[in-house]
Amino acid sequence: MAMEMEAHCPEVDLALSIGVRNIFSSFDGDSGRVRVSPYANKESGELLDADVYKIASKTFDRVFDYATLKIIARQMISFGDCFGFLLVKGSQINRIVILPPWEMFRVEDDLGVLLGFEQRRFLTESEPRCFRPAPVAHWRHNPENLYGRSQFFACRQDWGEYKAITIWQIHGDHWQSLPSFLRPKMGQRRVKLTIFERSGNRS
């Protein structure tokens with residue numbers, strides 16, 4: 001849903017661009033810098049160990065350039081999630097590879113403890129690519145259950161109806177030749193679109 005809206009709705013693309021710019025701007029409009037927090041717990045005032053803070057700051061400045069941070073912010077707003085794979089050489093993190101959020105799945109036990117991640121290009125893929133938890137960073141926007149929540153979550157129904165009406169107008173009587181998940185269904189007063197979604201509250 002988020003991919004379609006971003007690709008076909010100029011208003012959504014503009015809103016995303018403005019949102020990302022605002023994240024990296026201060027209250028007076030100047031460009032802001034993202035830094036590692038010196039606090040282990042800001043509420044209690046507990047500070048990070050000085051050596052840990054120094055290493056974390058150097059790693060962050062080296063790996064997370066402005067372009068990468070913009071991608072992370074944009075995916076979090078649009079999809080609710082962003083996944084990054086940390087590439088390590090020796091004892092140093094060299095760079096981060098952003099993974100497609102629609103392919104990534106969290107794997108947790110019954111107590112909610114993270115066991116790892118799976119990457120599936122298709123939902124029916126029987127042998128997914130598996131990741132241990134440590135090298136994968138998972139950022140969640142408005143987290144709900146396993147995943148985050150897209151900023152455009154509330155637009156799903158309106159977008160589905162707009163899409164169904166558009167398909168109906170384009171294809172007319174030929175809509176029955178479309179795949180089943182794209183066929184508009186005429187309800188009482190509203191046009192409804194059957195949409196298949198993954199489990200885990202993924203928007």
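This note goes through one helix pair and one sheet in a predicted model.

1. The helix pair consists of α2, which covers residues 10-23, and α4, which covers residues 66-79; the two pack with their axes 9 Å apart and at an angle of about 125°. Because angles of 65 to 115 degrees count as roughly perpendicular and those over 145 as roughly antiparallel, this value makes α2 oblique to α4. The crossing of α2 and α4 is right-handed.

2. As for the residues that form this contact, α2 contributes Asp13, Leu16, Ser17, Gly19, Val20 and Ile23, while α4 contributes Lys70, Ala73, Arg74, Ile77 and Ser78. Sorted by character, the residues of the contact of α2 with α4 comprise five nonpolar, three polar and three charged.

3. The sheet is an open one, built from three strands in the order β5-β6-β7, with antiparallel pairing. In general, the strands of a sheet pair through backbone hydrogen bonds, and they may do so in a parallel or an antiparallel way.

4. Which strands stand at the edges of the sheet? They are β5 (104-108) and β7 (129-131), and each of them has a single partner strand, so one side of each is left without a neighbour in the sheet. From one strand to the next, the twist averages 25°.

5. Looking at one pairing within the sheet, strand β6, which spans residues 114-119, runs antiparallel to β7 and is joined to β7 by three bridges. A reader who wishes to locate this pairing in the structure can start from Phe117, whose bridge partner in β7 is Phe131.

Methods: Residues numbered from 1 in each chain as written. Predicted model: local features only at pLDDT ≥ 70, side-chain atom pairs only at ≥ 80, totals over all residues. Heavy atoms only, no water. Axes fitted to C-alpha atoms, helices over the stretch in contact; angles between N-to-C directions. Helix = DSSP H or I, 4+ residues; strand = E, 2+ residues; numbered from the N terminus. Parallel < 35°, antiparallel > 145°, perpendicular 65-115°, else oblique. Left-handed = near helix turned anticlockwise from the far one by under 90°. Contact = heavy atoms within 4.5 Å. Nonpolar A, V, L, I, M, F, W, Y, C, P; charged D, E, K, R; others polar. Pairing = 2+ DSSP bridges.
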